[in-house]
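Got the structure open in your viewer? Let's walk through it one selection at a time, and I'll tell you what to look for at each stop.

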Amino acid sequence: MTYEVLARKWRPSLFEDVVGQQHVTRTLSNAISAGRLAHAYLFVGPRGIGKTSLARIFAQAINCESGPTATPCGTCHSCREIATGSNLDVLEIDGASNNRVEEVRDLRENVKFLPARGRYKLYIIDEVHMLSTAAFNALLKTLEEPPPHVKFIFATTEPQKILPTILSRCQRFDLRRITVADIVERLRTIAAAETITASDDALAAVARAAEGSLRDAVSSLDQLRAFKGDAIEEDDVLSVFGLVSRKTLQTLAGAIFEGDVRQIIEIVHELDANGKDMQRLLIEMLEHFRNVLVMHYAPDGFDAGDLLDDQMDVLRDQAKRSDPERLLRITDLLVESEPRLRYALSRRTLLETTLIRCARAAATVSIDQIIERLDALGIPPAHNTEASNPPCATSTTATASVPPTETAPPVTAGTRPASTAEPVSKKKTADTVADAADVCRRLTDNWHAIVEHVAVSAPMAKSALLDTRPVAFADGKLTIGLDPEFADGLNRLENPRIQSALQRTLAQHVGRGPSLTFRLMTEQERAAMAPHAVADSDSQGSATEPRPAAADATPPQVSAPASHPPSPRSAAGLSVWQDEPLVRNTLEIFQGTIVEVRS
Ligand SMILES: [Zn+2]
């Protein structure tokens, strides 16, 4: 007797056997029971989730000798013929290889004839999106006026490629990916019936590898049985499919949270040496961080899926220790690397550098945390102190109270501010500065929402703008600073589509779209995360030279009182800074040292 593969042997024969698609099976069962059949159905969804199985069960249901019935007998002549694919009234057509117009014309000719034996003639066209446009048009004629004895079932993985005129004549069902828990449940039933001993870990790993496709999962079980006999362990599954254990994934994530680059490199090296698939590793890391994020926001509603209790504990712990901003940065970095990894010459190197960048993103301290820690120490945030810079301070007030400042040169074209700027009237300066400060403050407060809004019309803008902040606004020019940590993202910000989408959104906040300049944040802007500073070109700009708006943005003001500005580069100057209470506390909080004081 020939061996029948498990996927075929365990193909569902009743609607109730179809796993994870109750929304479809219930509707179809009711329609059959009530005798309200549509002419054409469209099943949409990824491969291996039951589209063709559903079509066959539907065929049996409408043509069963004791039917039409939602529970076909499976034993009558018609049911058995349909199960073996030899029924003359049920025609399964592969859209990929029969996509020419001639073939559809043949179909149209055949449609006219009555069914040979059953009640209905059923055409099941798989991968229907592969039909040529001419073939679609030919098919449309039949769909417009189908004979009463003809039904169509179309199956596709890519519904967007089907002509709208066809779509509108079908009842559409979107099939879901099958959850890991459902797949494990089904595998357990099959394993028990086939006397295969497999641990829950092993079945969970099989389900994980199948990515929502039950057929793939059952086929994998077959493959594992051939490889390992009737006793299957998790390690067998991991090694056959190049998967990484949950434990290793969690350890790797832990190293990223800790910023332990050495451990990251060691783990990646070991996995690579064991022939693990780097692409899959990246996807699984992404899924892990997604789980941490979900656990952070909705711990009660978290679906454990195939995670064991101790793995859930680790996840809870990581969710507690990390903050969403960093997690989003990490997931963004991983998402960006995914397509690049596919074509990378050395996948291991690319993955390593990506994970190291993730570790650095995980170690960045957010402005909220700084304020929180300062608050805990009873130190008012810098903008509340007289000698310091308000969130949108103007250069006039700021320069009055602090030593002269110098910033990193902007990346976009521009020149340094001229020191011999002509003074302008104080009244005008004050008004302009107040307006600019207000605009700047509003933009910064709403920056996150602005970025989200921009992302609606330009999806790639979201990750490009993730590490940016407005740093200065003056004369209708907005300067946006990028975290130098992600300096290589600066080119992406020059993308005209991102810029115009950003301008459209900004126009809603500032009346009309400001002109945009992008540059790296200065170390001071970044380190103290002063959200932005307003440059007032009137007070310092040269009459002849155009000047980038933020060229004179002031550094964060952890400054000495203006009455005794220290000489910044001397050792004595350094110690003056070090003795400042705010600086001293900041150094303590972050266990930092002053490397350089710029003036
Ligand atoms: Zn039957």
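Start by selecting E287, which is partly exposed because 15 other C-beta atoms lie within 10 Å. For a residue to count as buried, that number would have to be 20 or more. One thing to keep in mind as you click around: this is a predicted model. E287 sits in helix α14, residues 278-297.

Now add T331 to the selection. How far apart are E287 and T331 in sequence and in space? Along the chain they are separated by 44 residues, yet C-alpha to C-alpha the gap is 8.9 Å.

**The α14 and α16 pair**

Next, show all of α14 together with helix α16, residues 324-343. Their axes come within 10 Å of each other and cross at roughly 160 degrees. An angle over 145 degrees counts as roughly antiparallel, and α14 is therefore roughly antiparallel to α16. Turn on side chains and you can pick out who meets whom: the α14 side includes L282, M285, L286, F289 and L293, while the α16 side includes L327, I330, T331, L334 and L341. Sorted by class, this contact holds 13 nonpolar, 4 polar and 3 charged residues. R290 of α14 and E338 and R342 of α16 are also part of the contact. As for handedness, α14 and α16 make a left-handed crossing.

**A second helix pair**

Leave those two and select helix α21 (residues 447-457) plus helix α24 (residues 496-510). Here the axes are 9 Å apart and the packing angle is about 130 degrees. Which word fits that arrangement of α21 and α24? They are oblique to each other, because an angle of that kind falls outside the ranges for roughly parallel, antiparallel or perpendicular. The crossing of α21 and α24 is right-handed. To see the contact itself, colour I450, H453, V454 and S457 on α21, then A501, L502, T505 and L506 on α24. That set breaks down into 5 nonpolar and 3 polar residues, with no charged ones.

**Over to the sheet**

Switch to cartoon view and find the open sheet of 5 strands, ordered β2-β3-β4-β1-β5 with parallel pairing. The edge positions belong to β2 (90-94) and β5 (171-174); each has a single partner strand, so one side of each has no neighbour in the sheet. On average, and ignoring direction, neighbouring strands here are turned by 15 degrees against each other.

Zoom in on strand β1, residues 40-44, beside β5: these two pair in the parallel sense over 4 bridges. Click on F43 and look across into β5, where its bridge partner is F173. Then bring in helix α3 (residues 51-63), which packs on the sheet and touches β1, β2, β3 (121-126) and β4 (150-156). The direction of α3 makes about 170 degrees with that of β4.

Now for the other edge. β2 and β3 run parallel and are joined by 5 bridges. Select V90 and you'll find it standing opposite L122 in β3.

Stay on β3 for a moment. How many of its residues are buried? The count is 6 of 6, so to speak of β3 as mostly covered is fair. Side chains in a regular strand alternate between the two faces of the sheet. In β3, K121, Y123 and I125 point one way, and L122, I124 and D126 point the other way, all of them buried.

**Two backbone oddities**

Most residues other than glycine have a negative phi. Select T195 for an exception: its phi is positive, about 50 degrees, and it is not a glycine. T195 lies in the loop between α8 (180-193) and β6 (197-198). Is T195 buried or exposed? It counts as exposed, because it has 7 C-beta neighbours inside 10 Å.

E211 is another stop of this kind, a residue other than glycine with a positive phi near 50 degrees. You'll find E211 in the loop between α9 (200-210) and α10 (214-228). With 16 C-beta neighbours inside 10 Å, E211 counts as partly exposed.

**Zoom out**

To finish, display the whole protein chain, with its 28 helices and 10 strands. Of its 599 residues, 38% count as buried. And among contacts between residues at least 6 apart in sequence, 77% join residues at least 24 apart.

Conventions: Residues numbered from 1 in each chain as written. Predicted model: local features only at pLDDT ≥ 70, side-chain atom pairs only at ≥ 80, totals over all residues. Axes fitted to C-alpha atoms, helices over the stretch in contact; angles between N-to-C directions. Parallel < 35°, antiparallel > 145°, perpendicular 65-115°, else oblique. Left-handed = near helix turned anticlockwise from the far one by under 90°. Contact = placed C-beta atoms within 7 Å. Nonpolar A, V, L, I, M, F, W, Y, C, P; charged D, E, K, R; others polar. Buried ≥ 20, exposed ≤ 12 C-beta atoms within 10 Å, placed from the backbone. Pairing = 2+ DSSP bridges.
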